[in-house]
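Here's a quick briefing to read alongside the model. Take a look at the fold first, then come back for the notes.

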Amino acid sequence: MRGQAITLDGVEVTYPNGFTAVHQTDLKVEAGEFFSILGPSGCGKTTILRAVSGFVEPSRGRILIGDEDQAHKGPNIRPTALIFQNLALFPLMSVWENVAFGLEARGVSKRKRKARAEELLDLVALGDQADKKPTELSGGQRQRVAIARALAVDPAVLLLDEPLSALDLKLRQHMRAELRSIQRKTGVTFIYITHDQGEALTMSDRIAVMNEGRIEQVGTGDEVYSAPKTAFAASFVGEANAFAGRVTAVENDMACIETPEGKFLGRNSASMKVGDAAVLFVRPEAVGFGTAFGNRLSARLVRRDLEGSFVNLLMRSDAGAEVAVQMPNVGTTPGVEDDARPIGFACGSAIILPEGPLARTGREVAAE
Ligand SMILES: Nc1ncnc2c1ncn2[C@@H]1O[C@H](COP(=O)(O)OP(=O)(O)OP(=O)(O)O)[C@@H](O)[C@H]1O
Ligand SMILES: [Mg+2]
């Protein structure tokens, strides 16, 4: 079966205890698309997957897969397959029997089941592991068995709920490429849930950024990273320095914002007006040393973290704001004892957005 489109038309999900986990949402995922939903813990990602797969009924609105309304259709008759956060393979069955499990319930003969399982194991590059037991595989291999098992029933839509979260970093990065290639080969529509922006950016055709039960922005990785539409999207996807203040002037598609750090110019893509409370965002890699910038401030280096090919610097401005700077590691970053020095960023690399809730930074989460 080829991938099918998924349409959420005014979908709202309220749990029996009265809590609305997903507020009215319109969303169209195209047939054959690799679509990610990215957002922090508790924002409603799994709830959307449960609604699409039929484990929970929307309290309002409709869900269509292809042209078909899914109202009152149970999970077993929807053209979807779901891969959970903590997958469980059957330990006593061989790898191929695990993959073929869903076919047995559908009355497929053993010979055909084995043939189909072998085909899928080839697809996930495990063709030579069919007779092993799951315990004899690595974490990444087990994950691929789970994917093959989900694909065995020929779903039009594969729903993946943080399927890589149990794997270590190296394996996770490797599996990103594998998943992407499996999706391309099969043409199945993938909805991939993650709170890891690196995963979402590297794998997806498009990403939905979600916060507190609402999708705040849908776009390609480039769009979401370079042209965030909300303060939350700017602060959640990638790192960003944020300077809050008020808009003091607007001209063409640029705006001027007055902040405790000084006056800065940035792109006014949200059409802010003079007097509006606003936040300017600028990525660490867009901040540099020197005075050759449209926006300038003076700051002292407080920490230098070597990442290998690049260096992360934490600076403190004269007015007291933390400014993250990321530079390629070409041996020219200053030492920590140095005096205050001029730093800055181009006006075109800054974006001015309406004031709103910010994502918590890794530093804040780690401090808890
Ligand atoms: N069965 C339920 N009854 C009531 N509230 C629920 C239920 N399941 C989830 N919630 C609440 O709904 C909100 C969204 O939950 P959901 O599981 O969709 O979040 P999530 O984005 O998948 O989070 P995580 O990244 O931690 O998996 C949370 O506040 C959660 O506490
Ligand atoms: Mg979840």
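How much accessible surface does the protein chain have, and what share of it belongs to carbon and sulfur atoms? It comes to about 17500 Å², with 50% belonging to carbon and sulfur atoms. Keep in mind that this is a predicted model. The notes below start with the whole chain, move on to the packing of three helices, and finish with a few individual spots.

**The chain as a whole**

- The protein chain is built from nine helices and 20 strands.
- Its C-alpha trace spans about 75 × 45 × 35 Å along the principal axes.
- Of the 368 residues in the protein chain, 46% are buried.
- Take the contacts between residues at least 6 apart in sequence: 67% of them join residues at least 24 apart.

**Helix 2 against helix 4**

- Helix 2 covers residues 95–104 and helix 4 covers residues 139–152; their axes sit 7 Å apart, at an angle of about 25 degrees.
- An angle under 35 degrees counts as roughly parallel, and helix 2 and helix 4 are therefore roughly parallel to each other.
- The crossing of these two helices is right-handed.
- On the helix 2 side the contact uses V95, N98, V99 and L103, and on the helix 4 side V145, A148, R149 and A152.
- Sorted by type, the residues in this contact of helix 2 with helix 4 are six nonpolar, one polar and one charged.

**Helix 3 against helix 4**

- Helix 3 (residues 110–123) crosses helix 4 at roughly 130 degrees, and the two axes come within 9 Å.
- That angle makes helix 3 oblique to helix 4.
- Here, too, the crossing is right-handed.
- R116, L120 and L123 of helix 3 make the contact with A148, L151 and A152 of helix 4.
- The residues of this contact of helix 3 with helix 4 divide into five nonpolar, no polar and one charged.
- A148 and A152 turn up in the helix 4 contact with helix 2 and also in the one with helix 3.

**Helix 2 against helix 3**

- The axes of helix 2 and helix 3 come within 9 Å and cross at roughly 120 degrees.
- Helix 2 is therefore oblique to helix 3.
- This crossing is right-handed as well.
- From helix 2, V95, W96, V99, A100, L103 and E104 take part, meeting K110, R113, K114, R116, A117, L120 and L121 of helix 3.
- The contact of helix 2 with helix 3 brings together eight nonpolar, no polar and five charged residues.
- V95, V99 and L103 of helix 2 serve in the contact with helix 4 and in the contact with helix 3.
- R116 and L120 of helix 3 likewise meet helix 4 and helix 2.

**Helix 1 and the residue after it**

- Is helix 1 (residues 45–53) largely enclosed or exposed? Seven of its nine residues are buried, so helix 1 is largely enclosed by the rest of the structure.
- The buried residues of helix 1 are K45, T47, I48, L49, A51, V52 and S53.
- G54 comes just after helix 1 and has a positive phi of about 95 degrees.

**Three residues worth a click**

- T80 belongs to strand 6 (residues 80–83). Its relative accessible area is 12%, so T80 is buried.
- Beyond its neighbours within four places in sequence, T80 is in contact with V52, S53, I65, P75, P155, V157 and L159. Two of those partners, V52 and S53, are buried residues of helix 1.
- F90 sits in the loop between strand 6 and helix 2. With a relative accessible area of 31%, F90 is partly exposed.
- Leaving out neighbours within four places in sequence, F90 touches N98, F101, P134 and R149. N98 and R149 also belong to the contact between helix 2 and helix 4.
- F90 and T20 are 70 residues apart along the chain, and their C-alpha atoms are separated by 35 Å.
- R176 is part of helix 5 (residues 169–186). R176 counts as buried because its relative accessibility is 14%.
- Not counting residues up to four places away in sequence, R176 touches L164, D196, G198, E199, T202 and M203.

Methods: Residues numbered from 1 in each chain as written. Chains lettered and ligands numbered in written order. Predicted model: local features only at pLDDT ≥ 70, side-chain atom pairs only at ≥ 80, totals over all residues. Heavy atoms only, no water. Helix = DSSP H or I, 4+ residues; strand = E, 2+ residues; numbered from the N terminus. Buried < 20%, exposed > 50% of the residue type's maximum accessible area, 1.4 Å probe, protein only. Contact = heavy atoms within 4.5 Å. Axes fitted to C-alpha atoms, helices over the stretch in contact; angles between N-to-C directions. Parallel < 35°, antiparallel > 145°, perpendicular 65-115°, else oblique. Left-handed = near helix turned anticlockwise from the far one by under 90°. Nonpolar A, V, L, I, M, F, W, Y, C, P; charged D, E, K, R; others polar. Areas by Shrake-Rupley, 256 points an atom, 1.4 Å probe, with all protein chains shown as cover.
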